[in-house]
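The following note is addressed to a colleague who has asked for a reading of this model. The points are numbered for ease of reply.

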Amino acid sequence: MTGICEIHLNRRQINAVDIPQKTIVEPGTDLVVRFVNHGSPIHLTLKAINASSFTDFFHANIYVPDTEDFIIPIREYAPSGDFSLEVIVGYGTKRAETPIEVLRPEVEERFTESPDLPDPDDGRRGANPLSAGGILPVALTIGLSLLLYSLWFMEGETVYNYIAYVLLFLGVIAAWFSNR
């Protein structure tokens, strides 16, 4: 929802500024400041006071011949709150200030069950790593590898060392897939 702040200039007298009571704008949209000039062309200064949390706009000098739109972007993640927009005309002799309210829309939070998580009571839960199915391949490969390493130390045959290494590697792979 783009907020439109319509400001009338020179309506009642020279350098008169008529501003709205309040303008509401949502974060991530633009605040359109529409100047409607009812008299001769005018120069004015537009300042955003205390608006650093809502926009990067600070001030601008604007020439308004008859109707002019000035766009102030509001940050997408701006918090709810308000700031003042000040219009200065007549080389500083007339000032008018209008509040701009940044209002975040209310979001209804809805929680649904995740389809990728199993129910705690069905039997699809992951295996316990300390169960017999999880620790048996690891214990078996460690035991056989220790036997082969002791044979390698006693006999001196390097083939026992290679077989023990391959057996330990296969044990790690078996342990990996058993926990999936």
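Is serine 145 buried or exposed? The first point takes up this matter, and the later points turn to the rest of the chain.

1. The model is predicted, and the remarks below should be read accordingly. Serine 145 is buried, because its relative accessible area is 2%, and a residue counts as buried under 20%. The residue belongs to helix H1, which covers residues 132-155. Beyond its neighbours within four places in sequence, serine 145 is in contact with Ala164, Leu167 and Leu168.

2. As to overall composition, the chain contains two helices and nine strands. Along the sequence, the order of these elements is β-β-β-β-β-β-β-β-β-α-α. Of the 180 residues in the chain, 30% count as buried. The exposed surface of the chain comes to about 12,400 Å², of which carbon and sulfur atoms supply 57%. Where contacts link residues at least 6 apart in sequence, 61% of them join residues at least 24 apart.

3. One sheet is open and has four strands, in the order E2-E1-E4-E7, with mixed pairing. Its edge strands are E2 (17-18) and E7 (67-73), each of which pairs on one side only. E1 and E2 run antiparallel and are joined by two bridges; within this pairing, leucine 9 stands opposite valine 17 of E2. E1 also pairs with E4, here in the parallel sense and over seven bridges. Glycine 3 has leucine 31 of E4 as its bridge partner.

4. Strand E4 deserves a separate remark. Why may E4 be described as largely enclosed by the rest of the structure? Six of its eight residues are buried, and the description therefore follows. E4 pairs with E7 in the antiparallel sense over seven bridges, and phenylalanine 35 stands opposite glutamate 68 in E7.

5. A second open sheet has five strands, ordered E3-E9-E8-E5-E6, and its pairing is likewise mixed. E3 and E6 (59-64) are the edge strands, each pairing on one side only. From one strand to the next, the twist averages 30 degrees.

6. Which strands of this sheet are joined to E9 by parallel bridges, and how many bridges are there? E3 (residues 23-25) runs parallel to E9 (residues 94-102), and three bridges join them. Two of the partnerships can be named: isoleucine 24 has glutamate 101 in E9 as its partner, while valine 25 has valine 102 in E9.

7. The pairing of E8 (residues 81-89) with E9 is antiparallel and extends over nine bridges. Isoleucine 88 has arginine 95 in E9 as its bridge partner. These two strands form a hairpin with four residues between them, and in this hairpin glycine 90 takes a positive phi near 65 degrees. The backbone at glycine 90 may be inspected in the view above when the hairpin is examined.

8. The largest nonpolar core has 28 residues. Those with the most contacts inside this core are Leu9, Leu31, Phe35, Leu44, Leu46, Phe83 and Leu85. E1 (3-9), E4 (30-37), E5 (42-49), E6, E8 and E9 each supply at least two residues of the core. As general background, nonpolar side chains in soluble globular proteins tend to be buried together.

9. Several residues of this core recur in the pairings already described. Leu9 is among the core residues with the most contacts, and leucine 9 is also the residue opposite valine 17 in E2. Leu31 is likewise among them, and leucine 31 is the bridge partner of glycine 3. Phe35 is a further member of that group, and phenylalanine 35 stands opposite glutamate 68.

10. Which residues does leucine 44 contact, once its neighbours within four places in sequence are set aside? They are Leu9, Phe35, Ala60, Asn61, Ile62, Val64, Val87, Ile88 and Val89. Of these contacts, Leu9 and Phe35 also appear among the core residues with the most contacts inside the core.

11. Finally, the aromatic residues should be noted. The structure holds four aromatic pairs. Tyr149, Trp152 and Phe153 form one aromatic cluster.

Methods. Residues are numbered from 1 along each chain as its sequence is written. This is a predicted model: local features need pLDDT of at least 70, side-chain atom pairs count only at pLDDT 80 or more; totals for chains, interfaces and linings use all residues. Side-chain values use heavy atoms; hydrogens and water are left out. Two strands pair if DSSP finds at least two bridges between them. Axes are lines fitted to C-alpha atoms, for helices over the stretch in contact, and angles run from 0 to 180 degrees between N-to-C directions. A nonpolar core is a set of buried Ala, Val, Leu, Ile, Met, Phe, Trp, Tyr and Cys residues joined through side-chain atoms within 4.5 Å. Buried means under 20% relative accessible area, exposed over 50%, partly exposed in between (1.4 Å probe, protein chains only). Contact means heavy atoms within 4.5 Å. Rings of Phe, Tyr and Trp (its six-membered ring) pair if their centres lie within 6.5 Å; planes under 30 degrees apart count as stacked, over 60 as edge-to-face and the rest as tilted. Accessible areas come from the Shrake-Rupley method with a 1.4 Å probe; for residues, only the protein chains shown count as cover.
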